[in-house]
Amino acid sequence: MSPLSSPPQIAVIGAGPAGLMLAERLSAKGFPVDIYDRMPSVARKFLMAGRGGLNLTHSEAPETFLTRYGATAERLRPMIEAFSPQDLRNWADGLGAETFVGSSGRVFPKALKASPLLRAWLNRLSAQGVCLHLRHDWQGFDDTALVFSHNSETRRVTPDITVLALGGASWPRLGADGGWAAHLGARGITIAPFRPANMGFLTQWSDIFRARFAGQPLKNIRLTFGEHSRQGELMITRDGIEGGAVYALSAALRDALETTTPVTLFLDLRPELSVGQVTDKLARVPTHQSLSNRLRKALNLSPLHIALLRDCGNLSDLAQSIKALPLRLTGTQSLERAISSAGGLRFDDLTDTLELKALPRVYAIGEMLDWEASTGGYLLQACFSSAVHASTHISQSLSARP
Ligand SMILES: Cc1cc2nc3c(=O)[nH]c(=O)nc-3n(C[C@H](O)[C@H](O)[C@H](O)COP(=O)(O)OP(=O)(O)OC[C@H]3O[C@@H](n4cnc5c(N)ncnc54)[C@H](O)[C@@H]3O)c2cc1C
């Protein structure tokens, strides 16, 4: 292995939240950091997340929080413990983006957007001497050099430490398209295939239903699929459903759709009532009234609820249909439209400090690693925590060398 420069040069590829956090940590310790990104501006997905209020993390108890990462919870545990949801809140507060806990326990900056936080963050990085190199599209390795395409020219860079923070494969127009998998493949590293995560599902609406209701939300419903159940909100789309409650069940539904089509998801239109209570309330409205009137008067159901019952329900067993309306899902929305991606670099190909076993001095952080979680702040938290975790180890190993 070649000796380190003095001071050691660190290249971060990817200026999303993971790459920027790692650059902040290492530059604060006095290490020179260069960040490269293919886009003309930084953190486009982070800014897009800001359009939904920027759900930075979640306030629930640490053990519950960790369960949100499913099979990779134990891999992420040391990272989340090293930079916890409270640490993330303190960090945002320190950048003037004071946070609050919403009614669902989710944590947001009070401004409910990402741009003020990002502006303050970039000022801090600039003050710490971090150099940003935009429009630098990483093309892979050439012997020990990193190769970038920049304004139709090829640039080679040979840092001491490389940190890959290249993101997943959803919403490719925001910069991360998973193309990096081929560059690592050229070095013999295969990844867990990308799959959509936190995405909508396809179902066949009638033409009349689609024309009238696509784009409308259904609030305060409960979705149940097998042992998975979530109360919340969903959105009717032209070709199916999406939204918070759907995303919470999306991994289980996606996995099921890989072996069976269609799968049936049950929608409870009145989760606060039991089947018996629904039956009682329906019985109080005379049956000679129209179905719509009965449902509206007895249960305050809207035209959307009623159209759903007509499209998917069994009208001879109304109470049962209201409590467990079967939605037949035929597929997932595409990776391009998913909020995040599952798959990526396998933890088995990384050391505990997130260094690639096959490529010493090359680290990987953020969404490009093979973990997944639902929306709720868990995505950004894992990106930030993995960055802090890797930065701590990089800083310790560099400081330990003569
Ligand atoms: C609509 C939407 C809303 C979201 N809302 C939330 C939310 O509220 N809460 C939450 O926790 N998460 C949310 N997320 C997810 C969250 O934004 C991502 O998980 C997070 O941005 C991933 O961070 P990252 O740094 O790992 O990757 P990214 O943010 O994707 O950054 C990767 C960077 O790498 C660059 N790059 C990729 N390939 C190359 C290459 N070959 N050469 C050079 N540069 C390259 C890209 O241009 C990009 O800037 C949302 C996502 C979307 C799409």
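This passage goes through the ligand shell, one helix and one sheet of a predicted model. Local features are reported at pLDDT of at least 70 and side-chain atom pairs count only at pLDDT 80 or more, while totals for chains, interfaces and linings use all residues. Residues are numbered from 1 along each chain as its sequence is written.

Starting with the ligand, 39 residues surround it, where near means a C-beta atom, placed from the backbone, within 6 Å. The closest are Gly 14, Gly 16, Gly 167, Gly 175 and Gly 366. Two or more residues each come from α1 (17-28), α2 (44-51), β7 (136-142) and α15 (378-400); these are DSSP runs numbered from the N terminus, helices being H or I with at least four residues and strands E with at least two. The top contributor is α2, with 4 residues. Sorted by class, the shell holds 20 nonpolar, 14 polar and 5 charged residues, with Ala, Val, Leu, Ile, Met, Phe, Trp, Tyr, Cys and Pro taken as nonpolar, Asp, Glu, Lys and Arg as charged, and the others, Gly among them, as polar.

Strand β7 turns up again in an open sheet of 3 strands, ordered β7-β8-β9 and paired in the antiparallel sense (pairing takes at least two DSSP bridges between two strands). Because β7 and β9 (153-157) sit at the edges with a single partner strand each, one side of each has no neighbour in the sheet. Between β8 (residues 145-150) and β9 there are 5 bridges, and His 150 is found opposite Glu 153 in β9.
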